Amino acid sequence: MLRLNKTRLQLVNTVTNSSRYRLFTLRKQHLKQSTAKNRKIQKILVANRGEIAIRVFRAANELDIRTVAIYTEQDAQHMHRQKADEAYLVGRGLPPVAAYLNSSEIIDVAKQNNVDAIHPGYGFLSEHVDFAQACVDADIKFIGPSPSIINKMGNKTEARNTAIAAGVPVVPGSKDAISSYEEAYEFCEEHGFPVILKAAFGGGGRGMRVVTAADELPKLFETATSEAQTAFGNGSLFIEKYIEQPRHIEVQILGDLYNNVVHLYERDCSVQRRHQKIIEVAPAFNLDPDLRERLTSDAVRLCQYVNYENAGTVEFLIDKDQRHYFIEVNPRLQVEHTITEEITGVDIVQSQIRIAEGASLKDLDLTQEKILPRGSAIQCRLTTEDPALNFQPDIGRLEVFRLGEGMGIRIDSASGFAGAIISPHYDSLLAKVISYSTSYNQAIRKMLRSLSECRIRGVMTNISFLKNVLTHPQFNAGIIHTRFIDDNPELFKLARSQNRAQKLSKYFGHVMINGPSTLFATNLKAANINPVIPKSDCSEKSPKSGFRDILINHGPEAFARTVRENKGLLLTDTTMRDAHQSLLATRVRTCDLLRVAPFVASNLNKAFSVEMWGGATFDVCMRFLYECPWDRLIELRKEIPNIPFQMLLRGANTVGYTSYPDNLVYEFCKQAKSCGIDIFRVFDALNYVPNLQLGIDAAKQAGAIAEGAICYTGDVSDSSKIKYNLDYYMNVAEDLVKMGAHILCIKDMAGLLKPSSATLLIKSLRKEYPLIPIHVHTHDTAGAGVASMLAAADAGADIVDVAVDSMSGMTSQPSMGAVIAALRGHERLDTGFSMQDVHAYSDYWEQTRQLYGPFECTTTMKSGNSDVYDNEIPGGQYTNLQFQAFSLGLASQFGDIKRNYVLANKLLGDVIKVTPTSKIVGDLAQFMVQNNLTEDDVVNKADELSFPTSVVEFMQGHLGQPHGGFPEPLRSKIIKDRKKIDGRPGESMEPLNFEKIKSDLVAKYGDHIRDVDVLSYALYPKVFEEYQGFIEQFGPVTKLDTKFFFNGPKIGEMVIVELEKGKTLYLKVLAISDLLASGEREVFFEMNGQLRSVYIKDSSASENSDIRLKADKNNNGSIGAPMPGMVQSICVNEGDEVIQGDQLVILNAMKMETVVVSPVNGVISRITTNVGSTVSGDDLLLEIQEKL
């Protein structure tokens, strides 16, 4: 003993003060640990949650060590609890994060359950020296560095000073932690900007802010302090000079209890956002070998200097001149330790456990010369964040969770399983995906393959962003730095996940719980049938020739000559447009048109044209069927390439109900022609020549056939009707010919053209214009349609409109079969069509029509009606008026509506009635019925009546000038002091900026927006927005069979959906739950053999549900939550005055704070939330009475 004391005294006298401290610490640690060196750990508690807890459990299991989990009330369903041998609840009644920071309770749980070691994981208590000391005091091994090391190296200021003492280069920074703004300002004055603020007692990017100018310092200092206090329980900060565009390299080290330290090489962690790592690479790609040697040597030297034990990471910044600077030590296991394990083969977690048991690095066969890197590994942090919204965390329920596995892929996850709830209380990390291969670029390819296989539904993820990074040329070349994300905004051009299967399942759930997505017009049910598709007789790969070949090969003029020279009457088939508009409220879906399209191309190739587009079609496609009308046109054109497509163009109104700028009309025709329209039937509801001129010019400029249409009303054979007599029609025809129309058309919207009138009018036109083809359109409302078409043909018409038999008659067009049969064998007019083809075509539509029972006109209309000669109601409108009367409870008053339609027409000056003027007359008629007004009442009370908007705008002149002028004094009484429009309305309208519209739409909906979508928006802005919202919510409903689209499937019924060629979805609804407390029902599916479920809000129960108010986006004073999260603090009270920029509320989501500031000056009128409340995006937080 005397000799030992003498030796010790001699040693103390010969070492420096620093060495004396190191030797004393070393011997103290050695004496303490040597007593437990051979004591094997029997039971480990992991004081953490999620994937890191599971990672430690797995390492312990392989070492035959029993495992214990802790969990909070919020984590009762979490996977880490189930992976341990034992699991115990902690923090009952505490906030979620506070529960995992409750060190005394965790120690108590360990002692009560014979735990002899605690692993802290990362985050939470992993760097709390008090917790590590509490473990030691309780005689429980702390698997990590000793408390003294955590105190020295976990404190950034202490670590920095130690690095300086050890001769490791550092970035200029504060010597000690700072706690006041004044201290930070003094440092900035000395060293200049930029600087970086860091939490002194924790990492992970929390409490970290870059300050570039003095005016930013106060606010950023406050938020960094607050965030550090929340995350680590201590708001102290460290400040240092900010190195711009550095590379962030960290060295993994292991130290035993005997002052032996080795490095496991480095990781490149430069790809970061908000100072949090996203992608890590090991080893660092394209790192200079000499620099690697300096980094690893400095890391080992620093750790040896402090007698570092267990696992840790020494972090450096590399500037542009390849100089390295120490920044910190993380005295714990790192999130990205996985990739080091992959390239070295060292199980770092097991090494931690063995070192805690007393094993030396040599015992573990971990000597530096034996540790060699092999290949390359990449880790991607898959998070529940939306990169498009500045990585805003998302919360919710994981509806689908499937990750890409396979060779070279490792996945560390815990939160990921279908049904898991992602809460706002913890980090947004969902899974760590690790790829390994022989080279860096091979590892990238494996990672891309894995991410492409991932299917995560229910919450937003950063997968698309990760893929953008992995495919970026700079990343592939290894040219990255900590500003890489900020300097490459193209990374945020994200490919949207289609998520088709899950969206369609939500659609089915919605329909089955809340009813059809489109309002049914009748109580008739859709038939549960699958229509038989007629067989085509065309066996060749290319379709039979048709009239479109002439147009394509020779142009519009030659096409018109060919039509005029043709022997036999030509037919236009309206089945795909006007027929179902008149009989089925325009509700026929694209899928039912496409099924029969090949038959039409093959067997009806002699047709002059197929009518398949018009205003109502365009509108209803988006508004009620949730289809894109342009896609309908494009898809049908692919199936019917040989027959001209024809559409209705409402002159200056295109396919809308008002006037538009001229450039919109021209652009619409250009796009319609490029998508497949060949013939534009240009008409104007008032036969207003300037509007017709615009439409014809636009059609011709697009390279299409301009068919100038004259809207027919009245009766040219009745000499007592003088307003719309033969001279009137001949004058309009003359104007159309002068405009350059290729074809003349008589458009009889109501079926008023009697056989005698047809003969008179067509003969007159043929005599005057012998070289121009004449086309006649009518409706069969009175039942005389076939007779009128035969009379028109006999009088010289070249083309007539017909509908296939099962879709003809009443308010539709005359029967195709009847016209063909009547002219069979006729020397001059035989159509050349096969009756067998007509029958097969008709059979298909007879079955298909039954799918549309909810819109079947025969529910209210049992036959045609000759009163149309009196009321002059157009065919399609006749049906719609009946439906409207039915839905408004006015079915018994339909006769009154028709009589008032006559009076309304008279009051408006006897206008030509076709969309949109027919709607105006109908609106006024319904207005009169609902308000019990007579003709005299309307005139005498016009000053005090609130007329329908359509009537007012018509009287202002929004549609143009009617033949004979406006009725006075009614016009003046209705429009009062409103502006009158003289001349063509669109002439004075500003051109639309299509590029600006497209840019706005892309920003709102994504890169899938096309030029045709811009036109849809320009024509129907509100309808287009609702359509886009529906598709975003419910997916490609166009892929569903019609019976399923309207009614959804029955329980247990299999639905087969072909999403695209080679991708088929098999879906079956298994059950629907009772109403839940949230006002939702859970719908269970079997999808491609896997069980899935979705929650659907039951609209009938919403009034009893606890539904949060949403902010009014049109009201600047309605303040909503910018992201999901928890209300951390409310900075104002009701009645407080605020100015623009004042802090209102602070939200915390996944440890990220967001300050909600006032956008206006005003007074707080209402606060609708509380501190601690969990809110979703756009939930109303408070309201401000704005001061203007």
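# Exercises on a predicted model

Strand β6 and strand β7 (residues 209-211) run antiparallel and are joined by 3 bridges. The model is a predicted one, and the exercises below start from this strand.

## Exercise 1: strand β6 and its partners

Task: Determine how strand β6 (residues 195-199) is paired and how many of its residues are buried.

Solution.
1. Begin with β7. Ile196 has Val210 as its bridge partner in that strand.
2. Turn to strand β8 (residues 237-241), which is antiparallel to β6 and joined to it by 5 bridges. Here the bridge partner of Ile196 is Glu240.
3. Sort the side chains by direction. In a regular strand, side chains alternate between the two faces of the sheet. In β6, Val195, Leu197 and Ala199 point one way, while Ile196 and Lys198 point the other way.
4. Count the buried residues. Because 5 of the 5 residues of β6 are buried, the strand is largely enclosed by the rest of the structure.

## Exercise 2: the annotated binding site

Task: Locate Lys156 and His275, and decide for each whether the residue is buried, partly exposed or exposed.

Solution.
1. Take the annotation from the record. An unreviewed UniProt entry places a "binding site" feature at Lys156, Glu240 and His275. Glu240 was met above as a bridge partner of Ile196.
2. Place Lys156 in helix α9 (residues 156-165). Its relative accessibility is 4%, so Lys156 counts as buried, the cut-off being under 20%.
3. List its surroundings. Beyond the neighbours within four places in sequence, Lys156 is in contact with Lys198, Ala199, Ala200, Gly202, Gly203, Phe238 and Glu328. The side chain of Lys156 also comes to 2.8 Å from the backbone oxygen of Ala199.
4. Place His275 in the loop between β10 (261-273) and β11 (276-282). His275 has a relative accessible area of 24% and is therefore partly exposed.

## Exercise 3: the loop between β13 and α13

Task: Describe the surroundings of Arg332 and Gln334.

Solution.
1. Start with the record: the unreviewed UniProt entry lists Arg332 under "active site".
2. Place both residues. Arg332 lies in the loop between β13 (324-330) and α13 (337-344), and Gln334 lies in the loop between β13 and α13 as well.
3. Check burial. Arg332 is buried at a relative accessible area of 9%, and Gln334 is buried at 2%.
4. Compile the contacts of Arg332. Residues up to four places away in sequence aside, Arg332 touches Gly121, Tyr122, Gly123, Ser126, Glu127, Tyr308, Ala311 and Gly312.
5. Do likewise for Gln334. Apart from neighbours within four places, Gln334 is in contact with Tyr122, Glu250, Arg267, Lys277, Thr313 and Glu315. The side chains of Gln334 and Glu315 are joined by a polar contact of 3.1 Å.
6. Compare the lists: Tyr122 appears among the contacts of Arg332 and among those of Gln334.

## Exercise 4: a sheet with a helix across it

Task: Work out the strand order and the edges of the sheet that contains β31, β32, β33 and β34.

Solution.
1. Write the order. The sheet is open, has 4 strands in the order β31-β32-β33-β34, and pairs in the antiparallel sense.
2. Identify the edges. β31 (1054-1060) and β34 (1090-1097) each pair on one side only, and these are the edge strands.
3. Give the twist, which averages 35° from one strand to the next.
4. Examine one pair. Strand β32 (residues 1063-1072) is antiparallel to β31 over 6 bridges. Lys1063 in β32 is the bridge partner of Glu1060.
5. Add the helix. α18 (residues 500-514) lies across β31, β32, β33 (1080-1087) and β34, and runs at about 50° to β34.

## Exercise 5: cysteines

Task: Establish how many disulfides the structure has, and describe the setting of Cys745.

Solution.
1. Search the whole structure: 0 disulfides are found.
2. Test Cys745. The nearest cysteine sulfur is that of Cys711, 8.5 Å away, and Cys745 is in no disulfide. The cut-off for a disulfide is a sulfur pair within 2.5 Å.
3. Check burial. Cys745 is buried, with a relative accessible area of 1%, whereas Cys1131 is partly exposed at 36%.

Methods. Residues are numbered from 1 along each chain as its sequence is written. This is a predicted model: local features need pLDDT of at least 70, side-chain atom pairs count only at pLDDT 80 or more; totals for chains, interfaces and linings use all residues. Side-chain values use heavy atoms; hydrogens and water are left out. UniProt positions are given in the numbering used here, feature names are shortened, and annotations may be inferred rather than shown by experiment. Helices (H or I, at least four residues) and strands (E, at least two) are DSSP runs, numbered from the N terminus. Buried means under 20% relative accessible area, exposed over 50%, partly exposed in between (1.4 Å probe, protein chains only). Contact means heavy atoms within 4.5 Å. Two strands pair if DSSP finds at least two bridges between them. Axes are lines fitted to C-alpha atoms, for helices over the stretch in contact, and angles run from 0 to 180 degrees between N-to-C directions. A polar contact is a pair of N or O atoms within 3.5 Å; within protein, one must be able to donate a hydrogen and the other to accept it, and residues adjacent in sequence count only if both atoms are side-chain atoms.
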